[in-house]
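Work through the exercises below with the model open beside you. Try each task before reading its solution.

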Amino acid sequence: MSNQESKEKSASKRSQEKSNKTGETDVVDELKQIDPEDLIDMATFDQLLDMDDEEDHEFSYSIVLNFFDQAVSTFKDMDIALEKEDLPELSRLGHFLKGSSAAIGLKKVKASCEKIQNIGNQQDEMGASLEAGDALAQIEKLLPQVKDEYKEAEEYLKGFYDVQDGQ
């Protein structure tokens with residue numbers, strides 16, 4: 001069993017232990033098992049983990065926590081920009097969050113933010129021009145999706161660090 005498989009099993013086991021201790025089961029956890037390979041580019045995340053001291057994950061965890069703060073703030077800014085129908089700002093924010101999420105390996109978040117960046121520049125996935133109204137409508141649908149993808153990744157990463165650090 002690889003080190004990563006061991007980490008993933010530990011995270012799953014920890015989640016089950018928490019449910020069993022309280023006598024409650026989380027219906028969401030039962031219905032939707034998170035596959036880390038869908039959420040995270042493990043090669044990138046492993047590179048981040050390689051920067052940690054052998055005793056703990058303090059360094060990588062601080063980077064991940066910083067990303068969480070950035071993401072929450074950026075999503076608020078995106079909501080404001082969408083309300084103001086500010087496509088250039090939406091593009092800029094999508095670009096910013098794309099880079100931050102790529103740095104820790106969040107594949108889905110990165111891909112959705114790249115779409116927001118391009119649509120904010122009034123270009124569809126093929127590079128064709130979009131009218132402003134169409135671009136805003138697409139981002140309006142995409143923003144809740146990327147927030148959900150972020151929440152999935154946040155849940156997984158918090159579970160990963162909880163298990164790894166024995167908190």
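**Exercise 1. Place a residue and find its partners**

In which helix does A102 lie? Decide also whether A102 is buried, partly exposed or exposed, and list what A102 touches beyond its sequence neighbours.

Solution. The model is predicted.

Step 1. A102 lies in helix α6.

Step 2. The relative accessibility of A102 is 28%. Buried needs under 20%, and exposed needs over 50%. A102 therefore counts as partly exposed.

Step 3. Leave out residues up to four places away in sequence; A102 then touches T44 and K110.

Step 4. Check the distance to T44. A102 and T44 are 58 residues apart along the chain, yet their C-alpha atoms are separated by 8.1 Å.

**Exercise 2. Describe the fold in outline**

Count the helices and strands of the protein chain. Then state what share of its residues is buried and how its contacts spread along the sequence.

Solution.

Step 1. The chain has eight helices and zero strands.

Step 2. Along the sequence the pattern reads α-α-α-α-α-α-α-α.

Step 3. The chain has 167 residues, of which 37% count as buried.

Step 4. Take the contacts between residues at least 6 apart in sequence. Of these, 68% join residues at least 24 apart.

**Exercise 3. Analyse the packing of α6 and α7**

Determine how helix α6 is oriented against helix α7, and which residues make the contact.

Solution.

Step 1. Locate the helices: α6 covers residues 87–104 and α7 covers residues 107–120.

Step 2. Read the geometry. The two helices pack at an angle of about 155 degrees, and their axes are 7 Å apart.

Step 3. Classify the angle. Over 145 degrees counts as roughly antiparallel, so α6 is roughly antiparallel to α7.

Step 4. Add the handedness: α6 passes α7 in a left-handed crossing.

Step 5. List the contact. On the α6 side it is made by L87, P88, L90, S91, G94, H95, L97, K98, S101 and A102. On the α7 side it is made by V109, K110, C113, E114, I116, Q117, I119 and G120.

Step 6. Sort these residues by type. They divide into nine nonpolar, six polar and three charged.

**Exercise 4. Examine two residues of α6**

Is S91 buried or exposed? Work out the answer for R92 as well.

Solution.

Step 1. S91 has its place in helix α6, and R92 lies in α6 too.

Step 2. S91 has a relative accessible area of 6%, so S91 is buried.

Step 3. Setting aside neighbours within four places in sequence, S91 is in contact with I116, Q117, G120 and N121.

Step 4. R92 has 45% relative accessibility and therefore counts as partly exposed.

Step 5. The C-alpha atoms of R92 and Q117 are separated by 6.4 Å, with their positions 25 residues apart along the chain.

**Exercise 5. Analyse the packing of α4 and α6**

At roughly what angle do the axes of α4 and α6 cross? Name the residues that meet.

Solution.

Step 1. Helix α4 covers residues 42–50.

Step 2. The axes of α4 and α6 come within 6 Å and cross at roughly 70 degrees.

Step 3. The range 65 to 115 degrees counts as roughly perpendicular, so α4 is roughly perpendicular to α6.

Step 4. T44, F45 and L48 in α4 meet A102, A103 and I104 in α6.

Step 5. By type, the contact residues are five nonpolar, one polar and no charged.

**Exercise 6. Trace the aromatic rings**

How many aromatic pairs does the structure hold? Describe the pair of F160 and Y161.

Solution.

Step 1. The structure holds nine aromatic pairs.

Step 2. F160 and Y161 form one of them, at 5.0 Å centre to centre with 90 degrees between the planes. This pair is edge-to-face.

Step 3. F160 is at 0% relative accessibility and so counts as buried. Y161, at 1%, counts as buried.

Step 4. Ring pairs link F45, Y61, Y156, F160 and Y161 into a cluster.

**Exercise 7. Inspect two positive phi values**

Where are E85 and Q122 found, and what are their phi values?

Solution.

Step 1. Recall the background: most residues other than glycine have a negative phi.

Step 2. E85 is in the loop between α5 and α6. Its phi is near 55 degrees. E85 is exposed, with a relative accessible area of 57%.

Step 3. Q122 is in the loop between α7 and α8. Its phi is about 60 degrees. Q122 counts as partly exposed at 30% relative accessibility.

Key:
Residues numbered from 1 in each chain as written. Predicted model: local features only at pLDDT ≥ 70, side-chain atom pairs only at ≥ 80, totals over all residues. Heavy atoms only, no water. Axes fitted to C-alpha atoms, helices over the stretch in contact; angles between N-to-C directions. Helix = DSSP H or I, 4+ residues; strand = E, 2+ residues; numbered from the N terminus. Parallel < 35°, antiparallel > 145°, perpendicular 65-115°, else oblique. Left-handed = near helix turned anticlockwise from the far one by under 90°. Contact = heavy atoms within 4.5 Å. Nonpolar A, V, L, I, M, F, W, Y, C, P; charged D, E, K, R; others polar. Phe/Tyr/Trp six-rings, centres within 6.5 Å; stacked < 30°, edge-to-face > 60°. Buried < 20%, exposed > 50% of the residue type's maximum accessible area, 1.4 Å probe, protein only.
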